Amino acid sequence: MTTTMDRRSLLTRAALGATGLVAATAMGSLAPETAFAAASQFPEPGQPDPNFAEGLIMGRNQDLLQVQGSDGRMHRIQLTGVTSVWKLRPTTIDQARIGDGLYARGVLMPDGTLAAESVWINIVNLTVAITSIGRSGLQFDHHGQKVVGYVQPGVTAAVYNGTPAVSDLSMLKVGRHAQVIGAWRPGTNEIDIATIYASN
């Protein structure tokens, strides 16, 4: 007989150290776009989603992150054996640093800790105008602010008019508008580009 464990039960057990057998991505998509969909889900109008947190990492004690939200609230994010982590690409929580920004989705525990299902580190979603194209990167204007985007071989992809993502960036054009998902380099105006959505 097989039993199906729901998401809350699985994350609760993982937070208590009872399981590490499930693949990290078994709980759902780690695609960077999912982070922004998660941020827009609200259980009741006008109320924050209790199963979602965002902010800057202020402290870390082994698998527990202390995160200050943009609204000033402090969050405790518990990493588990089933937490999936994105920092430009799927990775491990060892890549998290004090000062990094994050989005986290999971299950709110009775003690107020969020048992994380997915964590996206330094993720940004920018609407930009392309101002310059170079061999190793692009320069953007984001609402009057200059942003430098670096192409990461084997990672950076472009989506043209909704077609499947490709590594060929040759159809990008100066002056065109685009949406860029990437990983911010904290303390700078620089990002590593994951995906750029453009019309050609």
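In this predicted model, the largest nonpolar core has 17 residues, and the members that touch the most others are Ile130, Phe140, Leu172, Val180, Ile191, Ile193 and Ile196. Five strands each give two or more residues to this core: β8, β9 (137–142), β11 (157–160), β12 (177–184) and β13 (190–198). In soluble globular proteins, nonpolar side chains tend to be buried together.

Phe140 shows how one core member is surrounded. Leaving aside residues up to four places away in sequence, Phe140 is in contact with Val128, Ala129, Ile130, Thr131, Gln145, Lys146, Val147, Gly149, Val180, Ile193 and Ile196. Apart from the largest core lies another, of 15 residues, which includes Ala53, Ile93, Leu102 and Val119.

**The chain as a whole**

The protein chain has two helices and 13 strands. Of its 200 residues, 42% are buried. Among contacts in the chain with a separation of 6 or more, 57% join residues 24 or more positions apart. The accessible surface comes to about 10,600 Å², and carbon and sulfur atoms hold 53% of that area.

**The largest pocket**

The largest pocket holds about 160 Å³ of space. Elements giving two or more residues to its lining are β1 (52–61), β6 (101–108) and β8 (123–133). The lining consists of Glu54, Gly55, Leu56, Gly101, Leu102, Tyr103, Trp120, Asn122, Ile123, Val124 and Trp184. By class, seven of the lining residues are nonpolar, three are polar and one is charged. Leu102 appears in this lining and is also among the members of the 15-residue core. Strand β8 contributes two or more residues to the pocket lining and likewise two or more to the largest core.

**Individual residues**

Two residues other than glycine have a positive phi: Gln62, at about 55°, and Leu88, near 75°. Gln62 sits in the loop between β1 and β2 (64–68), while Leu88 belongs to the loop between β4 (84–86) and β5 (90–91). With a relative accessibility of 66%, Gln62 is above the 50% cut-off and therefore counts as exposed. Leu88 has a relative accessible area of 8%, under the 20% limit, and so is buried.

Leu114 is part of strand β7 (residues 114–121). Its relative accessible area is 4%, so Leu114 is buried. Outside the four places on either side in sequence, Leu114 touches Pro50, Asn51, Phe52, Ala53, Arg76, Ile77, Gln78, Ala104, Gly106, Val107 and Leu108. One of these contacts, Ala53, is a member of the 15-residue core. Gln78, another contact of Leu114, is 36 residues away along the chain, with 5.9 Å between the two C-alpha atoms.

Gly162 lies in the loop between β11 and β12. Its relative accessible area of 68% is over 50%, so Gly162 is exposed. The C-alpha atoms of Gly162 and Tyr197 are 7.8 Å apart, although 35 residues separate the two along the chain.

The relative accessible areas of these four residues are listed below.

| Residue | Relative accessible area | State |
|---|---|---|
| Gln62 | 66% | exposed |
| Leu88 | 8% | buried |
| Leu114 | 4% | buried |
| Gly162 | 68% | exposed |

Definitions and conventions:
Residues are numbered from 1 along each chain as its sequence is written. This is a predicted model: local features need pLDDT of at least 70, side-chain atom pairs count only at pLDDT 80 or more; totals for chains, interfaces and linings use all residues. Side-chain values use heavy atoms; hydrogens and water are left out. On a 1 Å grid over the protein atoms alone, a cavity is a set of points where a 1.4 Å probe fits but cannot get out, and a pocket is an open set with protein on both sides within 12 Å along at least five of seven lines; lining residues have an atom within 4 Å of a point. Grid points are joined across faces, edges and corners, and a volume is the space filled by probe spheres set on the points. Helices (H or I, at least four residues) and strands (E, at least two) are DSSP runs, numbered from the N terminus. Ala, Val, Leu, Ile, Met, Phe, Trp, Tyr, Cys and Pro count as nonpolar, Asp, Glu, Lys and Arg as charged, and the others, Gly among them, as polar. A nonpolar core is a set of buried Ala, Val, Leu, Ile, Met, Phe, Trp, Tyr and Cys residues joined through side-chain atoms within 4.5 Å. Buried means under 20% relative accessible area, exposed over 50%, partly exposed in between (1.4 Å probe, protein chains only). Contact means heavy atoms within 4.5 Å. Accessible areas come from the Shrake-Rupley method with a 1.4 Å probe; for residues, only the protein chains shown count as cover.
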